[in-house]
Structures are given as structure tokens and as C-alpha cells.
Amino acid sequence: MKRLALVGVMMMSLFGCGKSFNDSHIAALQKVADGAMLIDVRSEAEYREGHLEGSTRITHSNILEGVKALGIPKDTPMVLYCRSGNRSGQATATLQNAGYTAVTNGGAFESLLAASK
């Protein structure tokens, strides 16, 4: 019986009681709390369905042009997110390759939303 209870506790720890976030999501949100710019790289339709408060939307395929258009300095802390973390990962790499030094892939919108509660 003790073993079954221990397995249950381990499973809840691993899966966050139904919430799919981890330490990297919490760290990304801490960066935002510390002043990092929050950028949603999803489509306009996805953004309208829901987004993190205070985020700016710049489509991942237009990330470099969008950041430049806003005049964001290359050392500005930024946290990018999307639906799954894939597009935000691509956008993060694009910015880093262009010399932006403080860009973080925040990962999935739903995970960041769960971690923020």
C-alpha cells in the first residue's frame, strides 16, 4: 500500500496534477516578472482566442522584422511563446542568430498559463 501511495505522489509530481508545466516555464515567467518583454509568436487568430496578459504579438515568420520595427535593442530580455514551443523555438533561434542576446523560448502558451496560476 505504501508503494502505491508513493507511486501516486510521484505521478502527481511528474504531471503537475494535470498541469503540463515545468521549471523552465516558471523560470520564463520569472524573467517576465523581472521585466522581460513577452512576445506571442502565434497567428492573429490564435492570439484572439487567448494570450498571456501583457504580451505583444509578432508572428514567428516575421519575428526579426517585427522586433526591428519596434526598435527593440539587441540586449532586451524577451520571452517568446507559441502553441507548442516549436514556433517560439524557431523565432528564438532567428533572433539569436541576428545578435539578440537575451531571448528565451518560453514554450507552450497553455503551459505558461498553467504555471502562472
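Start with the largest nonpolar core of this predicted model. Select I39, I63, V67, M78, L80 and L95: these have the most contacts inside that core, which has 14 residues. Now colour α4 (63-69), β3 (78-82) and α5 (86-97), since each of them supplies at least two residues of the core. There is also a second, separate core of ten residues, with A36, L38, V79 and A115 among them.

Next, centre your view on I39. Leaving aside residues up to four places away in sequence, what does I39 touch? Show T56, I58, I63 and V67, then M78, V79, L80 and Y81, and you have its contacts.

Four of those residues bring you to β3 (78-82). Is this strand mostly covered or mostly open? It is mostly covered, with five of its five residues buried. Turn on the side chains: M78, L80 and C82 point one way, while V79 and Y81 point the other way. In a regular strand, side chains alternate between the two faces of the sheet.

Now add the strands beside β3. Select β1 (residues 37-40), which pairs with β3 in the parallel sense over four bridges. Here you can find M37 opposite M78. Then select β4 (residues 103-108), which also pairs with β3 in the parallel sense, over five bridges. On this side, look for Y81 opposite G107.

To finish, hide everything but β3, α5 and β4, and follow the chain from one to the next. Together they make a right-handed β-α-β unit.

Conventions: Residues numbered from 1 in each chain as written. Predicted model: local features only at pLDDT ≥ 70, side-chain atom pairs only at ≥ 80, totals over all residues. Heavy atoms only, no water. Core = buried A, V, L, I, M, F, W, Y, C linked by side-chain atoms within 4.5 Å. Buried < 20%, exposed > 50% of the residue type's maximum accessible area, 1.4 Å probe, protein only. Contact = heavy atoms within 4.5 Å. Pairing = 2+ DSSP bridges. Right-handed = clockwise from strand over helix to strand, strands pointing away.
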